[in-house]
Amino acid sequence: MKPGGPMSEESESNPLFGFRVVDLADEKGELAGRILGDLGAEVVRVEPPSGARSRGLPPFNGGRSLYFATRNSNKLGLALDLDAAEDRERLLDLLSRADVLIEAEAPGRLAELGLDPTDLSRRFPHLIVLSITDFGQTGPYRDWVATDSTLCAIAGMQFKAGTSDREPLLTPGAMAYDIAGIMGAFAAMTAIYQREKTGFGQTIDLSVLEAVAQQTDWSYANGSMIEARGQDSATIRNGSGPIYKIFRCKTGAVRLVIMAPRQWHAMREWLGDPDYLQDPKYDSFLGRMEIADALGVIVGDLFATMNHEEVAREAQKRGIVCTPVLSPAEVLMNEHFRSRDTFVTGEFGPGATGPFASGFFELDRKRLGYRTRPPEIDEHAEQIAGEIWRDARAHPAGERPVPSRPFEGLRVLDFGIGGVGVEAARLFADYGADVIKVESRIYPDFIRVVMSTEMSASFASSSRSKRGFGVNIKSDEGRALIHELVKQADIVTENNSTGTMESMGLGYDQLERLNPGIVMASSQLLGDHGVWADWIGYGPSTQPIGGLVHLWDYEKEKTPTEGPDDPAEADLPAGSGSIFPDHVAGRLLAVVALGAVIRRFRTGKGGHASVAQAEAVVNILSDQLLKEGVDPGSVVPRGNRRERGAPWGSYPCSGVEQWITITVRDDSDWQRLRAAMGDPAWATNESYSTLEGRMTAHDEIDEELRAWTAAQTTQALTATLQMFQVPAAPMFTARDQLRDPHFQARGYGRWVDQQGLGWIAFEGPAFRASGMEDICVRQAPLIGEHTREIARQLLGLDESEIDRKIEDGLLEVTE
C-alpha cells in the first residue's frame, strides 16, 4: 500500500497525505518542512531540549519568535539531544518509520554523530535524506559561515537594489533561506515521485547559494552571453529604474509598467491624447526613453490628483499595468487579499493569535496552508511515541537502481509566457520530462522576442531542453490539435491573464473532460479569483501589492519633530530592478503541480493547481506581516540593518561598485570580527561588547568599518573574515559568479551553443541527488522547431497533412 492508505476526503484534498517527515532543519530551509506539511504530510519537528536556534530569531511578540512560528506551523514537536546516544537511537527508530529526513547541519556534523546521510540511506533504503547547507557539501566555500544576508549578496539578489548614490540593498526578511526551503520541498517531492516508481530513497545535497542564484532574473544567462562575446556591460544600480518606475500619488505611490504598444496607447489616451505624443516611435520603450523626463512629469501630475489605489484601479480598467505600493498594514487590510482569504487568524503560541499568511497554494480551489499552530518544545512527544507511525516502512526489494531522471515519461504542455509558467515547466524538463513549448509567431512568448528577434538569453534560460510546437490556437482546427496533445499529456502550465485559457477552450474544466488525469498548473498576478483577479501585470507588479517595495528600502530617518507627516510627501521607496517573484513563483507552481501528480498515484485523478504571484510575496514576508498584525506600526524599512545583530550591513571595498556584506549575529561574532581587524582601539569600547550597545552605536561602528573595508578587495577581505569565522560575503553580479571558483567547482554554469545567440551559460541545479542523473540541458527551441516531429509522433499526421496545415497557417515551423 502506498503512503496514505485507502482513499478518504483527507487524502483526496492533501496530495502528500500519509507521507512522514522528520524535520531537523534549523533557521535555514525550515520552510521546506512546512510546505510538505501544508501539502498534507505529517511532519515531526525535532529540536534540542533547549529549543531550536530559530526560536531566538526576530521578529518577536511576547517573547515568541514569529520567525519560528511562520515556518513551523503544521508540525508536531519533539525534543531530542543528538549528542546523547539514547536520543540518537530514538531518532533512528523514527527514521525507520519515516519517508523523508530534512537536516541543515554544517557539512560533516551528522557524520560526527554517527548519522552520516549516506550511511542513513544505506541503513534505511526507503528514506529520502535532504541536506540543506549554505554552499553545498562540496566546493571551496563549503565550510564558510553565512547568514541569509550574506547569501543574498553573493547569490546575486542584491546588486540591482537601491540607488547608485548609496549602498546596495539586501532583501528584507529571510528570502534566501526561504527560497532554499521552497527548493528543498521540490527536491524532496521529486525524490518521492521517483520512489513511487523505484521503491528507493536517496540523499540530496541542496545548496542555498545555488537555489537563490537561480532566482536572479536571468542575470546569469544574459551576463554569460555578454562575457562570451567579449563585450563590456557595466552593472548600473538605478532603483526601480525606468522600466518599473514608481510614481507618487495624492497619497501613497504606484508602480507603472508600460511594455506593449497597446498599453502605451491606453496611457496616451488617459493623458488626453496630446499631439506631441503621437509620434509612432513612442510606441517602443526605447522611443519613450527619449522623452522620459517630460513623460514622468505629465504622468506624475495626473497621478497626483488621486490616491494610489484609485490610480491603480483606473489604470487597470484601461488595460495599463499599474499596482499600488502597499505598506504592511495596507497589505493586511487589502480588499483583494480579504476576498481570497490570503490571511487567516491563527495561533503563533498557545492563546496568542495573529494574521497568518494562509499558504502559497490552492489545489482544486482549496487552500493548502495553515492548519495548526507551531509546536511547543517536546509538545507531542507522548503522541509520537504511542499513536503515530507505528509501522516501520518496508525495505524496497532488489538492487538499488542506477541514477535516472525522475520525470522521464511525463509530458508537459507549456503555455507560459515570461517567467512563471515557463520556469515551472523548465524544472520538469531539467529532470527528464518531455516539455512542449506551445506558441506561434502571432502570439509568441514575449520574453522570446524582447530583443526584437526570435531568441533572447532570458527565453533560452527558461525554455532550454524543451521542444517547440507552433500552432494557431485561435482556430478551431488548431485547438483540436491541442486537444489531442492534452489527451497524451500529464501537466499543462500557464500564467496567462485570468480567463485567457478558458476563452481559448483550454480551461481546466474543458481539459479534464478530455483527460481526467490532467494536472493544470496556473499562476496569475493576483490569482484566478478575488475582486482584483482580472488585473494584469508582470513579476515586479506583485512587489508593491505584497509589501515588498515598501520594505525593500533604506531606513527612514524621522523624529517626532521632523520629516513629512503627509504620505504624499514622503520619499519614494528606493526600489529594485529585480523581477522577483517570477522565478520563485515558477518553482512554487512546480511544487504544487508535482503534488497533484503524486496524488494521482493514489487517486487516479488530476487537478487544478494554482499559485497567486502576489501571494508568493506575502508568504515570503509572512513573519513581518504577522508582526505588523500583532504590533501595528512596528514593521518599517530597515535598509541593511537587522534586529538580529549589529553591526550588520554592506560596506564598500576598493574598486568600482565592490561591496562586502558583514553580519555579526552575537557577541562571539563581534569578538571574532575584532580579531580579524587586529583589535583596533575604537573596537575596544566596552559598550560594544553587548548587542544593545552595538545597536545604539551602529552608525559609529559602520563609519569605522567603512574606513577599514574601503582599502581592501572583496576577495581578500572575505578570506580574512571567513578565516576568523565571521559571516561575510562579497556582493556578486552574474559575471562575478561566472568567474568564481566555487560556482565553477560545483559545475553550476552549463555552457551551450544556443541557436540565435551563440555560446551562453545556463544556470545549473540547486541540488544534486544520489538517485538522479544530472539535469538535462539542451538549447532552447525556435518557434515551431519540433512541430513536424510532434505532429508525426503524437498527432499521427503524415507529411502531406503536416504540409497542408502549415500552408493553411494552422501549424508553424522554423526550418
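**Helix α10.** I started from the contacts of α10: its buried residues pack against α19 (457–463), α32 (734–739), β25 (750–754) and β26 (758–762). The model I am reading is a predicted one. I then listed the buried residues of α10 and got Ser219, Tyr220, Ala221, Gly223, Ser224, Met225 and Ile226. That is seven of the 10 residues in the helix, which spans 219–228, so I note α10 as largely enclosed by the rest of the structure. After α10 I came to Gly230, which has a positive phi, near 70°.

**Confidence.** Before going further I checked pLDDT. The protein chain has a mean of 94, and 97% of its residues reach 70 or more. I marked residues 558–569, where pLDDT stays under 50. For this stretch the model has 12 contacts beyond four places in sequence. Where pLDDT is low, the predicted coordinates should not be read in detail. I therefore took no detail from residues 558–569, given their pLDDT under 50.

**Strand β18.** Next I looked up β18, residues 467–471, and found five of its five residues buried. I sorted them by face: Arg467, Phe469 and Val471 lie on one side, Gly468 and Gly470 on the other, and both faces are covered. In a regular strand the side chains alternate between the two faces of the sheet.

I then asked which strands pair with β18. With β17 (residues 434–439) I found four bridges, the two strands running parallel. In this pair Val438 stands opposite Phe469. I traced the chain from β17 through α19 to β18 and recorded a right-handed β-α-β crossover. With β28 (residues 811–812) I found two bridges, and here the strands run antiparallel. Val471 of β18 stands opposite Leu811 in β28.

**Arg644 and helix α27.** I went to Arg644 and placed it in the loop between α27 (622–630) and β22 (648–652). Is Arg644 buried or exposed? Its relative accessibility is 19%, so I count Arg644 as buried, the cut-off being under 20%. The side chain of Arg644 makes a polar contact with the side chain of Glu27, at 2.5 Å. Leaving out residues up to four places away in sequence, I listed what Arg644 touches: Glu27, Leu57, Pro58, Arg665, Leu691 and Met695.

For α27, I found seven of the nine residues buried. I wrote them down as Ser622, Asp623, Gln624, Leu625, Leu626, Lys627 and Glu628.

**Sheet β22-β23-β24.** From the loop of Arg644 I followed the chain into β22. Three strands form an open sheet here, in the order β22-β23-β24, with antiparallel pairing. β22 and β24 (728–730) are at the edges with a single partner strand each, so one side of each has no neighbour in the sheet. I noted an average turn of 20° between neighbouring strands of this sheet, direction ignored. Between β23 (residues 659–663) and β24 I found three bridges, and Ile660 stands opposite Pro730 in β24. Helix α30 (residues 698–709) lies across β22 and β23, and I recorded about 35° between α30 and β22.

**Hairpin β9-β10.** I looked up β9 (residues 245–248) and β10 (residues 253–257), which are antiparallel and joined by four bridges. The bridge partner of Phe247 is Val254 in β10. The two strands form a hairpin with four residues between them. In the turn I noted Gly252, with a positive phi of about 75°.

**Seven-stranded sheet.** Last, I read off the strand order of the open sheet of seven strands: β5-β2-β1-β6-β7-β8-β27, with mixed pairing. Its edge strands are β5 (76–79) and β27 (767–769), each pairing on one side only. The twist from one strand to the next averages 20°. Within this sheet I checked β1 (residues 20–23) and β2 (residues 42–47), which run parallel and are joined by four bridges. Val21 stands opposite Val43 in β2. I then asked which strands helix α8 (residues 175–198) touches as it packs on the sheet. They are β6 (100–103), β7 (128–133), β8 (202–207) and β27. The direction of α8 makes about 160° with that of β8.

Terms used: Residues are numbered from 1 along each chain as its sequence is written. This is a predicted model: local features need pLDDT of at least 70, side-chain atom pairs count only at pLDDT 80 or more; totals for chains, interfaces and linings use all residues. Side-chain values use heavy atoms; hydrogens and water are left out. Buried means under 20% relative accessible area, exposed over 50%, partly exposed in between (1.4 Å probe, protein chains only). Contact means heavy atoms within 4.5 Å. Two strands pair if DSSP finds at least two bridges between them. A crossover is right-handed if, with the strands pointing away from the viewer, the path from the first strand over the helix to the second runs clockwise. pLDDT is the predictor's confidence in each residue, from 0 to 100. A polar contact is a pair of N or O atoms within 3.5 Å; within protein, one must be able to donate a hydrogen and the other to accept it, and residues adjacent in sequence count only if both atoms are side-chain atoms. Axes are lines fitted to C-alpha atoms, for helices over the stretch in contact, and angles run from 0 to 180 degrees between N-to-C directions.
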